[in-house]
Amino acid sequence: MSMAEQNIGVKAAREPLLSVRGVKTYYGNIIALKGVDIDVNEGEIVTLIGANGAGKSTLMMTIFGNPRAREGTIRFAGQDITKMPTHEIARLSIAQSPEGRRIFARMTVFENLQMGASINGMAHFNEDLERVCTLFPRLKERLQQRGGTLSGGEQQMLAIARALMSRPKLLLLDEPSLGLAPLIVKQIFDIIKELNKKDGMTVFLVEQNAYHALRLAHRGYVMVTGNITMSGTGKELLENPQVRAAYLEGGHH
Amino acid sequence: MDIFLQQLINGLTLGSIYGLIAIGYTMVFGIIGMVNFAHGDVFMLSAFIALIFFLILTTWLGISSIVLALLIVLVLSMILTSLWGWAIERIAYRPLRGSFRLAPLISAIGVSIFLSNFVQVAQGARNKPTAPMVRDVIVLYQSEAGYTVALSYKQIIIMLTTAVLLTIFWYLVQKTSLGRAQRACEQDRKMASLLGIDVDKTISLTFVIGAALASVAGTMYLLYYGVVSFADGFVPGVKAFTAAVLGGIGSLPGAVLGGLIIGLIETFWSAYFSIEYKDVAAFSILAIVLIFMPSGILGRPEVEKV
Ligand SMILES: Nc1ncnc2c1ncn2[C@@H]1O[C@H](COP(=O)(O)OP(=O)(O)O)[C@@H](O)[C@H]1O
Ligand SMILES: [Mg+2]
């Protein structure tokens with residue numbers, strides 16, 4: 001890194017940890033993100049809600065450069081990462097628990113966690129293993145079990161635990177509550193809250209489960225077919241009649 | 001019984017060589033879902049590399065210990081063949097990644113033709129023999145009818161080398177972070193990259209490992225038969241590929257098992273039936289096994305990679 005870039009890094013202390021500006025992403029000729037602006041400040045939990053197919057997962061993956069933004073810029077910790085290779089973006093300490101969990105099915109839970117720790121060369125592996133086992137006691141009992149044999153909820157826990165193993169500065173969670181029993185959802189949301197409060201971890205959370213997400217988050221964005229249509233504090237959005245009508249119908253789960 | 005025992009020894013020796021080549025097919029298929037048709041020719045090329053190093057070491061440098069010479073040849077040939085494997089992937093396959101499915105396959109056929117022609121032009125079309133190496137045998141058993149069952153030093157060297165290298169390789173894949181990254185890319189390349197794994201580098205590594213093991217096979221082949229020709233990539237290559245499919249393509253133990261089975265079928269068929277039809281026998285068994293076990297003996301039923 002050159003001196004100039006380092007200086008930008010210092011100046012960027014006030015800049016959001018993650019900033020997405022005017023990002024357009026296409027699948028072939030079909031546009032999926034139509035110019036998205038989002039900021040995530042250090043220490044925040046920010047949520048992105050929106051209906052199925054709105055483009056939330058596309059944004060999560062675009063941050064990692066796969067698919068790549070065709071227009072716009074993405075900056076992380078003062079650095080332009082728009083054109084950086086995916087694995088190098090990950091090495092800047094952004095971790096993602098992606099849509100569909102993507103557990104390595106033919107590896108053990110332990111090996112999955114080792115994979116999560118690979119960017120910092122296993123430096124704090126034992127300590128971090130201990131930590132995620134405390135957060136998710138269910139995983140501790142299953143360390144030698146193959147990932148593919150876990151239940152949905154356990155796989156979700158593993159996906160989050162794997163993301164935590166790299167001690168990320170920014171944690172991206174794509175629908176961690178999808179398909180899980182309410183009790184487990186609550187557990188997972190409590191853990192997110194704790195990680196944010198105790199460790200100051202910055203979290204960007206994508207959810208369809210808008211009620212819980214907005215209650216947990218400091219700020220939120222609403223996405224509709226590739227556009228950000230609303231933003232505000234979690235509380236504001238929860239009270240917004242349009243949000244209530246569109247995303248909170250049917251009560252509080 | 002004595003014939004059986006002798007053929008068992010011969011079959012396992014040949015099978016070890018097929019197994020070593022088959023690993024390269026299976027690993028590459030596992031990680032990028034492509035049949036590397038050039039792999040058999042990489043094996044052939046490595047046998048030539050071994051041959052040349054052998055001549056240099058024994059006739060020019062005057063190394064008289066065959067074991068020492070073999071060891072040096074093995075190491076040098078592994079290094080050089082790995083470089084070839086790396087370069088082939090870099091030049092002929094990587095630029096085509098992400099284009100239509102058949103493109104890398106066609107490119108692989110091109111590389112295969114290139115390699116065999118290159119060797120033909122550089123080394124001539126005739127068989128290249130080496131001076132006979134390691135001629136001692138251990139007579140295990142002599143029957144009254146005068147039939148002897150013998151285990152040659154060559155066969156011991158081949159089986160031992162294979163066993164040692166497979167153990168090292170197994171350790172590498174199962175226990176090291178490089179091997180873990182390799183397996184991760186095999187299962188989900190996109191996720192691996194999200195975890196900071198350089199997928200291109202890992203694919204390169206897979207080609208390097210496959211070529212290194214093929215070069216061990218090449219050196220052993222040369223040791224066993226004492227002769228190699230530019231056309232020797234094809235048949236052993238097809239058989240090793242058959243072994244990989246038989247064992248379950250994508251499965252490493254499957255590749256070794258498949259190699260041993262093909263080696264055994266081939267030698268037993270030659271001994272008991274007719275030598276002309278040994279290849280037909282091996283391929284027929286493959287067809288039969290695949291009818292009943294479409295994903296091979298140790299393979300997992302797998303959805304197609306995209
Ligand atoms: N790999 C893909 N190829 C083509 N279109 C895609 C792909 N992934 C998503 N899409 C399309 O992009 C749009 C946004 O999808 P997605 O980001 O998955 O939405 P969300 O996560 O909000 O449910 C959808 O119309 C979807 O069909
Ligand atoms: Mg989604």
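Biologist: The side chain of Arg162(A) reaches a backbone oxygen; which residue owns that oxygen?
Modeller: Keep in mind that this is a predicted model, where local features need pLDDT of at least 70, side-chain atom pairs count only at pLDDT 80 or more, and totals for chains, interfaces and linings use all residues. Residues are numbered from 1 along each chain as its sequence is written, chains are lettered from A and ligands numbered from 1 in the order in which they are written, and side-chain values use heavy atoms, with hydrogens and water left out. Arg162(A) sits in helix H7 (residues 152-164) of chain A; helices (H or I, at least four residues) and strands (E, at least two) are DSSP runs, numbered from the N terminus. At 2.9 Å, the oxygen reached by its side chain belongs to Arg102(A).

Biologist: How far from Arg162(A) is the nearest side chain of opposite charge?
Modeller: Lys and Arg count as positive and Asp and Glu as negative, while His and the chain ends are not counted. Arg162(A) is buried, and buried means under 20% relative accessible area, exposed over 50%, partly exposed in between (1.4 Å probe, protein chains only). Arg162(A) has no salt bridge, that is, no side-chain nitrogen of Lys or Arg within 4 Å of a carboxyl oxygen of Asp or Glu. The nearest candidate is Asp188(B), and the distance is 6.8 Å.

Biologist: Which residues of chain B does Arg162(A) touch?
Modeller: Contact here is heavy atoms within 4.5 Å, and residues up to four places away in sequence are not counted. In chain A the partners include Pro98(A), Arg101(A) and Asn112(A). From chain B they are Met191(B) and Leu195(B).

Biologist: Is helix H4 of chain A mostly covered or mostly open, and how many of its residues are buried?
Modeller: H4(A) spans residues 109-116 and is mostly covered. The buried residues, among them Val109(A), Glu111(A) and Leu113(A), pack against H5, H6 and H7 of chain A together with H5 and H6 of chain B. Of its eight residues, the buried count is seven.

Biologist: Moving to the ligand, which helix gives the most to the shell around ligand 1?
Modeller: The shell takes in residues with a heavy atom within 4 Å of the ligand, and it includes Tyr27(A), Asn52(A), Lys56(A), Ser57(A) and Thr58(A). Three of the shell's residues come from one helix of chain A, residues 56-63. That helix is H2.

Biologist: How far is a polar side-chain atom of Thr58(A) from an oxygen atom of ligand 1?
Modeller: A polar contact is a pair of N or O atoms within 3.5 Å; within protein, one must be able to donate a hydrogen and the other to accept it, and residues adjacent in sequence count only if both atoms are side-chain atoms. Asn52(A) makes such a pair with the ligand at 3.2 Å, and Ser57(A) makes one at 2.7 Å. For Thr58(A), the distance is 2.5 Å.

Biologist: What share of the area that ligand 1 exposes alone does the protein bury?
Modeller: Accessible areas come from the Shrake-Rupley method with a 1.4 Å probe, and for residues only the protein chains shown count as cover. Taken alone, ligand 1 exposes 560 Å². The buried share is 56%.

Biologist: Which residue meets Asp128(A) in a salt bridge?
Modeller: Side chains of opposite charge can pair when their charged atoms come close. Here the N to O distance is 3.0 Å, and the pair links helix H5 of chain A to the loop between H7 and strand S7, 39 residues apart. Asp128(A) is buried at 3% relative accessibility, whereas its partner is partly exposed at 32%. That partner is Arg167(A).

Biologist: And how many residues separate Arg131(A) from Asp199(A)?
Modeller: These two side chains also meet in a salt bridge, at 2.6 Å, N to O. Arg131(A) lies in helix H5 and Asp199(A) in helix H8 of chain A. Their separation in sequence is 68 residues.

Biologist: Where is the cis peptide bond that leads to Pro67(A); from which residue does it start?
Modeller: Pro67(A) is found in the loop between H2 and strand S4 of chain A. Omega is near 5° for this bond. The residue before the proline is Asn66(A).

Biologist: Last one: what is the relative accessible area of Leu222(B)?
Modeller: Leu222(B) lies in helix H8 (residues 199-225) of chain B. Its contacts include Ala47(B), Phe54(B) and Met133(B), and Thr130(B) is 92 residues away in sequence but 7.9 Å away in space, C-alpha to C-alpha. Leu222(B) counts as buried because its relative accessible area is 0%.
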